[in-house]
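These entries record what I looked up, beginning with the cysteines and ending with the ligand site.

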Amino acid sequence: MKVPQPSALQYSALQLAWLQELGIEKPWLPSEQVAAKKSNPPLAVTAVTHAPTRVPLRPSGVTPSRPAVRAASASQSAAELVMDTNALAASAHDLTTLAKQIAGCTACGLCRGRQQAVPGEGIMQPSIMVIGEAPEALDDREGRPFVDRPGLMLDNMLTAIQSSRAHNVYVSNMVKCRPPGNRNPKPIELQACKPFLMRQIELVRPFSILAVGRAAQSLLETQEPLDQLRQVTHSLTVVGQKIPLIVTYHPALLLNHPGEKAAVWQDLQLLKTVSGMS
Ligand code: URA
């Protein structure tokens with residue numbers, strides 16, 4: 001039996017044409033082939049490239065005798081955390097293994113307060129990968145992202161562009177464990193968890209990314225306010241693959257500020273175009 005290979009052929013002609021407009025020749029080729037290709041510069045696209053930061057903490061040739069991830073101590077540096085979760089994430093060859101590694105991760109203090117880790121859910125090779133900030137209380141109890149009121153709002157937003165987690169969307173977060181009291185994740189927590197997200201993106205292979213709320217600033221590594229990041233096609237490069245990234249307000253904001261729905265609607269229209277869905 002011939003096993004279908006994941007390839008750029010899974011994208012429609014419209015999607016491929018749009019990516020070419022953005023300077024992305026083909027989505028999700030193996031990284032060495034991408035590096036060998038000479039692509040045109042993107043049009044009106046801001047780009048961020050994520051490469052794993054591996055910081056040698058010991059002389060080369062010395063074999064580590066400790067596990068890849070261990071509990072953080074007060075003196076542990078951010079570089080050390082990133083290196084540890086990098087090693088762990090890189091060794092996961094599928095989402096199930098990655099989810100197990102996330103569930104057992106103790107790289108930052110968030111593991112102490114979690115009931116369950118929340119790795120993410122949805123469709124592989126989706127049109128859209130939604131990236132939020134962090135799980136909240138009910139998400140933590142169920143082990144699923146965006147299940148409470150912000151989640152319902154997110155699902156409504158997706159429905160507005162004929163999309164859903166069951167059909168063409170994957171949903172995840174910057175950090176996979178709930179911060180206590182739903183506070184914002186700290187920079188060191190974001191940094192420790194980032195290799196899991198980058199590996200997840202690599203395995204999920206999304207056509208486009210929708211970054212909501214502060215997740216946008218984290219992913220694009222900027223302090224620019226969201227209203228300046230909206231309505232621009234950014235791109236995120238993961239293992240040599242440029243993925244179009246659209247920014248919008250967090251669905252939780254719409255619960256208290258329904259007047260912003262018009263702006264979110266505009267962003268969703270741009271996302272729909274970028275994803276080759278319109
Ligand atoms: N639930 C999530 O999973 N992520 C958010 O950003 C908010 C609620």
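Before reading any cysteine I fixed the term: a residue is buried when its relative accessible area is under 20%, and exposed when that value is over 50%. I note that the model is predicted.

Entry one, cysteines. I searched for disulfides, taking as the cut-off a pair of cysteine sulfur atoms within 2.5 Å. The count by this rule is 0. I then looked at Cys 111, which takes part in no disulfide; its nearest cysteine sulfur belongs to Cys 108, at 6.3 Å. Cys 177 is likewise in no disulfide, and the nearest cysteine sulfur to it, that of Cys 193, lies 6.3 Å away. I looked up the accessibility of both. Cys 177 has a relative accessible area of 9%, so I list it as buried. Cys 111 has a value of 16%, and therefore I list it as buried too.

Entry two, the ligand contacts. I found that the residues around the ligand include Gly 132, Glu 133, Ala 134, Phe 146, Asn 173 and His 250. I sorted the shell by class and obtained 4 nonpolar, 3 polar and 3 charged residues. For polar contacts, I recorded an oxygen atom of the ligand 2.9 Å from a polar backbone atom of Glu 133. An oxygen atom of the ligand is also 2.9 Å from a polar backbone atom of Phe 146. With Asn 173 the partner is in the side chain: an N or O atom there is 2.8 Å from a nitrogen atom of the ligand.

Entry three, enclosure. Taken alone, the ligand exposes 240 Å², of which the protein buries 97%. I identified the space taken by the ligand as the second largest pocket.

Methods. Residues numbered from 1 in each chain as written. Predicted model: local features only at pLDDT ≥ 70, side-chain atom pairs only at ≥ 80, totals over all residues. Heavy atoms only, no water. Near = heavy atom within 4 Å. Polar contact = N/O pair within 3.5 Å; in protein donor to acceptor, adjacent residues only side chain to side chain. Areas by Shrake-Rupley, 256 points an atom, 1.4 Å probe, with all protein chains shown as cover. 1 Å grid on protein atoms, 1.4 Å probe; cavity = no way out; pocket = protein on both sides within 12 Å on 5 of 7 lines; lining within 4 Å. Sits in = over half its atoms within 2 Å of the grid points. Nonpolar A, V, L, I, M, F, W, Y, C, P; charged D, E, K, R; others polar. Buried < 20%, exposed > 50% of the residue type's maximum accessible area, 1.4 Å probe, protein only.
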